[in-house]
Amino acid sequence: MSSKVIDRDAPVQSIPDLPRLKGKGTPLRERFFHLSLWASLAVAVVFLVSLLAYVLAEGWSRLDPRLWMNFPDYIDPTQGGAQSAIMGTVWVIGFTALYCLPTGILTAIYLEEYADPDRWWNRAIEINIQNLAAVPSIVYGILGLGIISRGLGFGQTVLTASLTLSLLVLPVVIISSREAIRAVPQSIRQASLALGATQWQTIWRQVLPAAVPGMATGSILALSRAIGEAAPLLLLGGLTFITFNPTGVQSQFTVLPIQIFNWISQSRAEFVSLASAAIVILLAILLAMNSLAIWLRNRYSRTW
């Protein structure tokens, strides 16, 4: 066989230019579509900024320590606060994280590392998880009311709310955790197994540390969704007027979305200012959680 000699000193041939489309400039329909996207973005930003400005203007006078130190007061709303709602939110979301995060992460590990995709029950689990992620939150409220609250006899307690919200965000935690685990290259697993590590040692010491940024980001965003949910908790019978903080999982509760809903439905102007101030507090909590998720992703993410 004859071999071809390559002359390294020969000039590199340039790639010929691709033929240009007929006509000058960008087609009209592409420009129209581009302008439509910018117009949609502008409308969304204007409405969002207008809403935030209105909420800040209405609630600025009540953004003081009375808001988070005092309990609700329907006789003198100028001295009322949202301490019970804030503490109730902390209790409910804390137990929601305690229930759903370990379950979601372990389920993602099983489906991604151990499950055989050819088994019918594994396929059924995956299909159901994907479908449950798109179910409206009110359906989970009905499920929590019928099974957890009345069927299991837990009543209108922190435990019932936490379990219901856990079911609500569990599919999101599972899907985001699976995506983070799947993003770890197979070469890392193969190298660990080649050095004599077991499958669980490979997962625990190599895969999970590399997948933690994506898993933490998805989990925090899922809990951020749970904080803002009011429909399932209203259906569960979350109280709108509580002058005490929860003391355990069997305590009655209220959360910030329910308290805001109750205040905004009142006719007196003082309650509107109080509700606006509580909205600012809720937005601050959500922004803090989302910022933490972005920081974790940027701080610990790896490029392979």
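How many aromatic pairs does the structure hold? The count comes to five. Before turning to where some of those rings sit, a word on the overall build is useful. The model is a predicted one, and the protein in it has eleven helices and zero strands. Read from the N terminus, the elements simply go α-α-α-α-α-α-α-α-α-α-α. Of the 304 residues, 37% count as buried. Contacts between parts of the chain that are far apart in sequence carry a lot of weight here: among contacts with a separation of 6 or more, 74% involve residues 24 or more positions apart. On the outside, the protein exposes about 18700 Å², and carbon and sulfur atoms supply 66% of that area.

Next comes the inside. In general, nonpolar side chains in soluble globular proteins tend to be buried together. In this model, the largest nonpolar core has 45 residues, and those with the most contacts inside it are Ala 82, Val 92, Leu 165, Leu 233, Phe 253, Leu 256 and Trp 263. Several helices feed into this core with two or more residues each, namely H3 (83-114), H5 (137-151), H6 (158-182), H8 (199-227), H10 (256-264) and H11 (269-300). The largest share, eleven residues, comes from H11. Apart from this core lies another one, of twelve residues, with Val 184, Ile 188, Val 207 and Ala 210 among them.

Leu 165 gives a good feel for how the larger core is put together. Setting aside residues up to four places away in sequence, Leu 165 touches Val 92, Ile 93 and Thr 96, and also Ala 226, Glu 229, Pro 232 and Leu 233. Two of these partners, Val 92 and Leu 233, are themselves listed with the residues that have the most contacts inside the core.

Thr 89 offers another view of the interior. This residue lies in helix H3, and Thr 89 counts as buried because its relative accessibility is 6%, below the 20% cut-off for that label. Leaving out neighbours within four places in sequence, Thr 89 is in contact with Ile 227, Thr 254, Val 255 and Leu 256. Leu 256 turns up again here, having already been named for its contacts inside the largest nonpolar core.

Back to the rings. Ring pairs link Trp 91, Phe 95 and Tyr 99 into a cluster. As a rule, a pair of aromatic rings is described by the distance of the centres and the angle of the planes.

Charged side chains pair up too, and the structure holds nine salt bridges. One of them joins Arg 66 and Asp 64, with N to O at 2.7 Å. The two partners fall into separate classes of exposure: Arg 66 is partly exposed, since its relative accessible area is 26%, whereas Asp 64 is buried, at 16%.

Glu 112 takes part in another story. A salt bridge connects Glu 112 with Arg 178, and the closest N and O atoms are 3.0 Å apart. This pair ties together distant parts of the chain, with Glu 112 in helix H3 and Arg 178 in helix H6, 66 residues apart. Glu 112 is partly exposed, with a relative accessible area of 23%, while Arg 178 is buried, with a value of 13%. Glu 112 also forms a salt bridge with Arg 182, where the closest N and O atoms are 3.1 Å apart. Here again distant parts of the chain are linked, as Arg 182 in helix H6 and Glu 112 in helix H3 are 70 residues apart. Arg 182 counts as partly exposed because its relative accessibility is 43%. Both bridges belong to a network of salt bridges that links Glu 112, Glu 126, Arg 178, Glu 179 and Arg 182.

Finally, not every nonpolar side chain is tucked away. Tyr 110, Tyr 114, Trp 120, Trp 121, Ile 125, Trp 200 and Trp 204 make up a nonpolar patch on the surface, and together they have about 810 Å² of accessible area. The elements giving two or more residues to this patch are H3, helix H4 (120-132) and H8. H4 gives the most, with three residues. Ile 125 is found in helix H4, and this residue counts as partly exposed because its relative accessibility is 35%, between the 20% and 50% cut-offs.

Note on methods: Residues are numbered from 1 along each chain as its sequence is written. This is a predicted model: local features need pLDDT of at least 70, side-chain atom pairs count only at pLDDT 80 or more; totals for chains, interfaces and linings use all residues. Side-chain values use heavy atoms; hydrogens and water are left out. A nonpolar core is a set of buried Ala, Val, Leu, Ile, Met, Phe, Trp, Tyr and Cys residues joined through side-chain atoms within 4.5 Å. Buried means under 20% relative accessible area, exposed over 50%, partly exposed in between (1.4 Å probe, protein chains only). Helices (H or I, at least four residues) and strands (E, at least two) are DSSP runs, numbered from the N terminus. Contact means heavy atoms within 4.5 Å. Accessible areas come from the Shrake-Rupley method with a 1.4 Å probe; for residues, only the protein chains shown count as cover. Rings of Phe, Tyr and Trp (its six-membered ring) pair if their centres lie within 6.5 Å; planes under 30 degrees apart count as stacked, over 60 as edge-to-face and the rest as tilted. A salt bridge is a side-chain nitrogen of Lys or Arg within 4 Å of a carboxyl oxygen of Asp or Glu. Patches are made of residues with over 30% relative accessible area and no salt bridge: like charges are joined within 9 Å, nonpolar side chains (Val, Leu, Ile, Met, Phe, Trp, Tyr) within 5 Å.
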